[in-house]
Amino acid sequence: MIIHIFENIPHHYHNFIKFFINHCGNEFKHKVLIESSSNTNNDEENVRLLNELGCQAAIYRNHQQLILLMKQEDKNAEFIFHSLLNRRLWLKLLLTNLPKRSSWVSWGADTYQYLINKQDMKQHVARMIHSITCNRMHYVKSLNPGDGKLINQLLGRKQVETLPYPLVGVEKPETLDSKSHKTQTILLGNSAAKSNNHFELLDSIKHLATEDISVLMPLNYAGTQDYIHSVITQGNKLFGNKFQPITEMLSKAEYDNLLAGVDITVFAHDRQQGLYVAYYMMLHGKKLFLKASTSTFENFKSYQFDVHSLENLSQLTYEQLKQTDPVKQVTNQNILLENFTEAALARKWHHFFGKLSQQH
């Protein structure tokens with residue numbers, strides 16, 4: 001039995017569990033432990049949807065309950081933490097023998113939380129606990145090689161393998177959009193988390209405020225209401241009615257439909273984040289701007305994707321941004337299809353599950 005442990009991000013675990021069950025071999029039995037949303041009806045619905053996929057599911061409301069549920073599982077069960085951000089949970093795991101049956105797939109924030117200039121004593125101790133615990137685990141995975149190197153540097157884990165998640169449930173478009181005469185729709189960021197650096201995003205395109213643009217900014221999960229309000233205030237100030245904050249949660253179909261209408265996506269993250277959107281842009285021939293200092297940018301360049309640096313965005317005119325290159329669009333799409341689709345990554349995840357199953 002492979003038991004997947006997710007934090008409270010339903011649109012992640014529904015998509016990935018569906019991928020695991022449908023594409024990564026039917027010889028593996030999967031179960032999911034998901035963090036409570038604090039809404040009983042939502043929790044029951046999420047469990048029901050996972051059960052419909054043929055996967056057992058249970059809710060944990062706090063770390064104590066999660067540890068208890070893990071201890072109640074068969075001694076041969078293997079656990080996979082899909083992101084493990086909370087420092088207290090790392091400590092609770094350290095005080096058990098559960099890490100010996102666990103693996104951790106770092107999503108970014110759970111590693112980058114230690115990448116600060118000055119650590120106080122509490123942060124230093126937390127990183128030490130994290131280091132000891134993850135070094136006791138079977139496997140540690142990162143979503144790109146740059147993050148793997150960072151885990152090695154920050155936590156001393158010598159063996160970190162790269163294992164990306166795929167772009168789930170998105171088909172190759174019949175045609176690539178080459179229209180350059182229409183209003184340019186620009187997507188800024190992927191959530192309300194402060195790590196999106198929203199004010200930097202807004203500032204990066206303020207020179208386009210008088211042009212024919214539509215500015216979309218997802219602010220529908222993560223982030224505090226006060227912070228979201230301040231971002232919206234600044235967006236309205238700079239772009240007026242061209243600024244469209246997205247504050248309601250969207251279904252996957254609604255989100256995909258939104259992305260289909262985007263021409264340019266701009267990220268200002270200082271770390272790896274928003275890969276679903278990035279992959280979607282590559283598959284559909286859209287332009288993507290990232291900070292050149294990020295592991296995501298470095299990784300995309302290593303695959304020969306045509307991606308653009310955020311640092312150059314303010315130097316580009318509206319007409320330059322509207323221009324499309326059909327050859328580069330097709331190249332990006334082909335690289336994405338070969339490396340980051342469900343078909344491309346199913347074999348790698350199947351191999352990982354197979355290694356876990358051989359542990360006992």
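**Note on helix packing, ring pairs and buried polar residues**

1. Phe340 counts as buried, at 1% relative accessibility. Buried means under 20% relative accessible area, exposed means over 50%, and partly exposed is in between (1.4 Å probe, protein chains only). The model is predicted: local features need pLDDT of at least 70 and side-chain atom pairs pLDDT 80 or more, while totals for chains, interfaces and linings use all residues. Residues are numbered from 1 along each chain as its sequence is written, and side-chain values use heavy atoms, with hydrogens and water left out.

2. Aromatic pairs. The whole structure holds 23 of them. A pair needs ring centres within 6.5 Å (Phe, Tyr and the six-membered ring of Trp); planes under 30 degrees apart are stacked, over 60 edge-to-face, the rest tilted. Phe16 and Trp107 are edge-to-face, because their centres are 6.1 Å apart and their planes stand at 80 degrees. Phe16 sits in helix α1 (residues 10-23) and Trp107 in the loop between β5 (102-105) and α5 (109-112), so this pair ties together parts 91 residues apart in sequence. Phe16 and Trp107 are both buried.

3. A second ring pair brings Phe340 back. Tyr303 and Phe340 are also edge-to-face, with 5.1 Å from centre to centre and 65 degrees between the planes. Tyr303 lies in the loop between α12 (295-302) and β13 (308-309), and Phe340 in the loop between α14 and α15 (342-357), so the pair joins parts 37 residues apart in sequence. Burial of the partners: Tyr303 is partly exposed, with a relative accessible area of 28%, whereas Phe340 is buried.

4. The ring cluster. Ring pairs link Phe6, Tyr13, Phe16, Phe19, Phe20, Phe28, Trp107, Tyr139, Tyr165, Trp349, Phe352 and Phe353. Phe16 and Trp107 from point 2 are among them.

5. Helix α11. Helices (H or I, at least four residues) and strands (E, at least two) are DSSP runs, numbered from the N terminus. α11 is mostly covered, with 8 of its 9 residues buried. The buried ones are Leu275, Val277, Ala278, Tyr279, Tyr280, Met281, Met282 and Leu283. They pack against β8 (184-188), α10, β11 (264-266), β12 (287-290), α12 and α14. Gly285 follows α11 and has a positive phi, near 70 degrees.

6. α10 with α11. The axes of α10 (residues 252-260) and α11 (residues 275-283) come within 11 Å and cross at roughly 50 degrees. α10 is therefore oblique to α11. Axes are lines fitted to C-alpha atoms, for helices over the stretch in contact; angles run from 0 to 180 degrees between N-to-C directions. Under 35 degrees is roughly parallel, over 145 roughly antiparallel, 65 to 115 roughly perpendicular, the rest oblique. The crossing of α10 and α11 is right-handed (the near helix is turned clockwise from the far one by less than a right angle; anticlockwise would be left-handed). Lys252, Tyr255, Asp256, Leu259 and Ala260 of α10 make the contact with Tyr276, Val277, Tyr280 and Met281 of α11. Contact means heavy atoms within 4.5 Å. These residues divide into 7 nonpolar, no polar and 2 charged. Nonpolar covers Ala, Val, Leu, Ile, Met, Phe, Trp, Tyr, Cys and Pro; charged covers Asp, Glu, Lys and Arg; the others, Gly among them, are polar.

7. α11 with α14. Their axes lie 7 Å apart, at an angle of about 125 degrees. The two helices are therefore oblique to each other. Tyr279, Met282 and Leu283 of α11 meet Gln329, Asn332, Gln333, Leu336 and Leu337 of α14. The split here is 5 nonpolar, 3 polar and no charged.

8. Gln333. This residue is in helix α14 (residues 326-339). Gln333 is buried, with a relative accessible area of 5%. Beyond its neighbours within four places in sequence, Gln333 is in contact with Lys172, Pro173, Leu176, Met282 and Leu283.

9. Two serines in strands. Ser142 is in β6 (residues 139-142) and is buried at 0% relative accessible area. Not counting residues up to four places away, Ser142 touches Ser106, Asp147, Gly148, Ile151, Val160, Glu161, Thr162 and Leu163. Ser214 is in β9 (residues 213-218) and counts as buried at 12%. With the same exclusion, Ser214 touches Thr183, Gln184, Thr185, Ile186, Lys242 and Gln244. Ser214 and Asp263 are 49 residues apart in sequence and 9.9 Å apart in space, C-alpha to C-alpha.
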